[in-house]
Amino acid sequence: MSINRYMFGLFFTLTILIIVNQLVIESSAMFFVVVTLLLFCLGYYFLILEKSSISNSSPAKEQYIPDVDNELIHNVVFELQQFLQQEIKVIEAELNRTKLLIEEAVFGMSDSFKEMQSLTDEQQSMILQLIDNSHSFAGGEGTLEDFVKDSDKTLDDFVNVIVNTSKQSLETMNYTDEMVTQFDGIFNILSQVESLASQTNLLALNAAIEAARAGDAGRGFAVVANEVRSLSVDSTELNQEIRNEINQAKETIANLRQSVEIMASADMTSTLEAKNKMSVMMKHVDKLNQYTNSSVDKLSNLSPKLTDAVATGVRSLQFEDLTRQSLHSLELNVESILSISKVLADFENKPSSDVHQQLISLKDKCQAVYQETHLAESKRSVKQLNMDEGDIDLF
Amino acid sequence: MTVNSSLHSDSNQLIISIDERFDFSLHQQFRDCYSQVQQKGLEYILDLSKTKYMDSSALGMILLLKDHVEMYASTLTIQNPSDTVSKILEIAQFHRLMTIK
């Protein structure tokens with residue numbers, strides 16, 4: 001009561017003043033004033049004391065109906081305990097359900113991630129195989145590019161053969177032309193031989209005439225002249241035969257000329273087209289190779305990305321661990337509430353004992369539980385809270 | 001005349017020019033253009049600017065001309081071939097054997 005302290009301080013001061021006045025100043029007016037003040041203060045103090053006793057009387061009055069309040073407190077505590085019990089049941093059931101759900105989901109996700117990983121690997125190997133196949137033929141001998149190059153070389157060789165054949169044919173043609181010229185020379189000689197034969201014929205005729213004029217003496221000579229004449233006729237016939245043969249040879253040579261012409265004159269248009277097609281094909285193969293190479297690069301970049309994504313997914317599955325910890329601490333909290341509920345139940349069991357005492361023990365137990373929970377909570381907050389910090393933990 | 005040739009003694013050039021078609025039918029004329037020329041160090045110029053068609057016998061004739069040119073230590077140049085003719089010469093890889101411009 002602070003007012004009391006002030007009042008006693010004031011009384012003490014006033015009394016000291018009176019004593020000092022009596023001993024030192026000895027002024028009656030001062031004594032009178034101080035005593036009046038003291039009396040006035042005393043009166044005021046008693047007035048306040050009276051008032052405070054009146055205001056204290058109302059709670060004192062409530063203490064007169066403790067039985068009814070005790071029962072109410074018991075009822076309230078009982079209801080509270082019931083309520084807590086029910087809530088705890090619900091919370092525990094939900095916690096268990098959540099645990100199960102998370103466990104199932106994590107198992108499913110982990111399985112699907114594993115499958116995804118294996119599928120990705122399979123896809124990668126298939127792609128590599130496909131690339132290998134696209135580069136080489138079934139037997140694995142040479143690439144498409146090699147084939148096109150070989151074909152191009154074959155075509156070049158073919159063109160070479162054609163050109164050389166033409167060249168050789170033309171040379172043959174030149175030789176043939178020379179031969180024809182030589183035939184003409186033979187004809188020239190043949191005409192000379194023919195004129196010789198006709199002169200021989202004339203000579204033989206003259207000889208026969210001269211032999212006839214000589215009479216019997218020239219009879220033998222006439223026989224010789226006749227023989228010479230028939231020989232010249234034979235030689236003319238032979239000449240004609242040679243001429244005929246050579247003419248036939250000339251015809252054969254004309255045929256030869258045609259054959260050689262056909263052999264020498266190959267049309268280059270189709271070869272030109274083939275060559276054009278080949279170069280188009282070559283460009284196409286080049287493009288295809290470039291495209292394949294860039295695709296391979298892209299795919300090889302894609303594969304580690306996929307693996308990373310799967311790894312991130314797997315790492316994210318660690319949330320189960322953290323969630324389990326959270327759920328566990330929640331369970332501890334529920335246990336705390338449960339212990340309080342038990343304390344409340346104890347309260348209910350002893351209705352006859354002193355309510356005040358029970359309330360105090362309830363308060364103490366509550367404090368104890370609070371301390372325990374607080375300690376557990378501060379321990380828990382130290383634990384890992386971030387998933388990214390952990391290493392990859394494969395399930 | 002489908003084959004024309006002119007010998008320029010002052011510049012040491014023998015110019016042979018061919019008309020539209022260069023095929024087997026010209027082989028005699030073509031050969032006559034150079035077979036009698038035996039001068040050494042001559043520059044043979046084959047003008048194909050008018051030629052539009054050429055078959056393999058033309059290539060053979062050019063090769064025979066090339067043999068003749070080499071025999072007399074001369075040079076051979078093919079002048080102004082059209083696109084088609086140029087392609088045929090390219091396929092036959094004549095650019096490795098002689099100058100084409």
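Is Ile16(A) buried, exposed or partly exposed, and what is its relative accessible area? In this predicted model, Ile16(A) counts as partly exposed, because its relative accessible area is 40%, a value that falls between the 20% under which a residue is called buried and the 50% over which it is called exposed.

Ile16(A) lies in helix H1 of chain A, and this residue belongs to a nonpolar patch on the surface, where it is joined by Phe12(A), Ile19(A), Val20(A), Leu23(A), Val24(A), Ile25(A) and Met30(A). Together, the residues of this patch have about 800 Å² of accessible area, and the element that gives the most to the patch is helix H1 of chain A, covering residues 2–25, with 7 residues.

From this patch the reader can turn to the place where the chains meet. Here 25 residues of chain A are in contact with 22 residues of chain B, and the area buried between the two chains comes to about 1,900 Å², with carbon and sulfur atoms giving 68% of it. On the side of chain B, Phe24(B), Ser56(B) and Ile91(B) supply 34% of the area that this chain buries against chain A, more than any other three residues.

Polar groups also take part in the interface, since 8 residue pairs, both at pLDDT 80 or more, are in polar contact between chain B and chain A. The rule finds 1 salt bridge across the interface; Asp67(B) forms a salt bridge with Lys167(A), and their closest N and O atoms are 2.9 Å apart. Helix H1 (27–35), strand S5 (53–54), helix H2 (56–71) and helix H3 (83–91) of chain B each supply at least two residues of the side that touches chain A, and the largest share of that side, 8 residues, comes from H2(B).

Conventions: Residues numbered from 1 in each chain as written. Chains lettered and ligands numbered in written order. Predicted model: local features only at pLDDT ≥ 70, side-chain atom pairs only at ≥ 80, totals over all residues. Heavy atoms only, no water. Patch = residues over 30% accessible without salt bridge, like charges linked within 9 Å, V, L, I, M, F, W, Y side chains within 5 Å. Areas by Shrake-Rupley, 256 points an atom, 1.4 Å probe, with all protein chains shown as cover. Salt bridge = Lys/Arg side-chain N within 4 Å of Asp/Glu carboxyl O. Helix = DSSP H or I, 4+ residues; strand = E, 2+ residues; numbered from the N terminus. Buried < 20%, exposed > 50% of the residue type's maximum accessible area, 1.4 Å probe, protein only. Contact = heavy atoms within 4.5 Å. Buried area = accessible area lost by both parts, 1.4 Å probe. Polar contact = N/O pair within 3.5 Å; in protein donor to acceptor, adjacent residues only side chain to side chain.
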